[in-house]
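This note is meant for a colleague meeting the structure for the first time. It takes the overall fold first, then one residue, then the pockets.

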Amino acid sequence: MDPYLLALLRRIDTPTVCNAIEVAQGRRGFDAFTRGSMVCTEPGLAIVGYAVTAQIAALAPPTEAPEVIRARRMAYYRAMHDAPKPSVCVVEDLDFPNCIGAFWGEVNATIHRGFGMAGALTNGVVRDLGDLPPGFPVIAGSIGPSHGFVHVRSVDEPVRVMGLTVRPGDLVHADRHGAVVVPPAVVPALAAAVERMQRTERLVLDPARAPGFDFAAFEAAWSAFEAART
């Protein structure tokens, strides 16, 4: 990824990315984003990177042989370790919406951070909120105390997290608002789209923050804002 674009994406929030994608596409209707409220363990940070995907389950013990479960678990960790950076771990809990097993806690988050990953996105459970390593946000569907019978079901397959389909290698931006998948076609234009959108928003924001802002000032600002968007 272009270093300038990566640095920019790390500085901005996910709603800004969502809007900028529409600016780059020249139309509204972008819908590759999560639905519903999520938990973010580090609200001030965004995670940016290419998706490395897996599926887990925890409500019931695994039925496969222990050696099969262990081999898949090691394949999972190998995939996370070897993923091109920047990378984001995206894990679908197949028990959703009845998730009870926290795959994400102090141990797993520390391992993935040590692998150099940017963070994790899941529809499942996170725990150990006071002990998670700094700089590795986990954006999860819920908080809970137990790991249940958590085990890996698949690695490197398309997953679905809070209404969002994520495929291996997708560019993901996520923060306390949720997550988006950035369409590959807009990546070359994304930085310019972010900058254009921010300039356009300032046409309204700057007057609205200035002393003496009234309806007449609003009308003038809004007229300039609409003209800049068309």
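1. The model is a predicted one. Its protein chain contains six helices and 13 strands. Taken along the principal axes, the C-alpha atoms occupy a box of roughly 70 × 35 × 30 Å.

2. Of the 230 residues in the protein chain, 44% are buried. The chain exposes about 11,400 Å², and carbon and sulfur atoms account for 55% of that area. Among contacts with a separation of 6 or more, 75% join residues 24 or more positions apart.

3. Asp175 merits a separate point. This residue belongs to strand β12, which covers residues 171-175. Is Asp175 buried or exposed? Asp175 has a relative accessible area of 4%, and because the limit for a buried residue is under 20%, Asp175 counts as buried.

4. The surroundings of Asp175 draw on several parts of the sequence. With neighbours within four places in sequence left aside, Asp175 is in contact with Asp13, Thr14, Pro15, Cys40, Leu45, Ala46 and Ile139. For one of these, Thr14, there is a further detail: its backbone nitrogen is reached by the side chain of Asp175 at 2.9 Å. Val39 stands 136 residues from Asp175 in sequence, yet the C-alpha atoms of the two are 9.3 Å apart in space.

5. The largest pocket has a volume of about 390 Å³. It is lined by 13 residues, and those closest to its centre are Asn19, Glu22, Val23, Met197 and Arg229. Three helices each supply at least two lining residues: α2 (14-25), α5 (187-209) and α6 (215-229). The largest share, four residues, is that of α5. Sorted by class, the lining of the largest pocket holds six charged, four nonpolar and three polar residues.

6. The second largest pocket has a volume of about 260 Å³. Which residues lie nearest its centre? They are Tyr77, Ala102, Phe103, Asn108 and Val150, out of 16 that line this pocket. Two or more lining residues come from each of α3 (66-82), β4 (102-104), α4 (106-114) and β9 (151-155). The lining of the second largest pocket comprises eight nonpolar, four polar and four charged residues.

7. The two linings may usefully be read side by side. Six charged residues are found in the lining of the largest pocket, while four are found in that of the second largest. For nonpolar residues, the counts are four in the largest pocket and eight in the second largest.

Definitions and conventions:
Residues numbered from 1 in each chain as written. Predicted model: local features only at pLDDT ≥ 70, side-chain atom pairs only at ≥ 80, totals over all residues. Heavy atoms only, no water. 1 Å grid on protein atoms, 1.4 Å probe; cavity = no way out; pocket = protein on both sides within 12 Å on 5 of 7 lines; lining within 4 Å. Points joined across faces, edges and corners; volume = space filled by probe spheres on them. Nonpolar A, V, L, I, M, F, W, Y, C, P; charged D, E, K, R; others polar. Buried < 20%, exposed > 50% of the residue type's maximum accessible area, 1.4 Å probe, protein only. Contact = heavy atoms within 4.5 Å. Areas by Shrake-Rupley, 256 points an atom, 1.4 Å probe, with all protein chains shown as cover. Polar contact = N/O pair within 3.5 Å; in protein donor to acceptor, adjacent residues only side chain to side chain.
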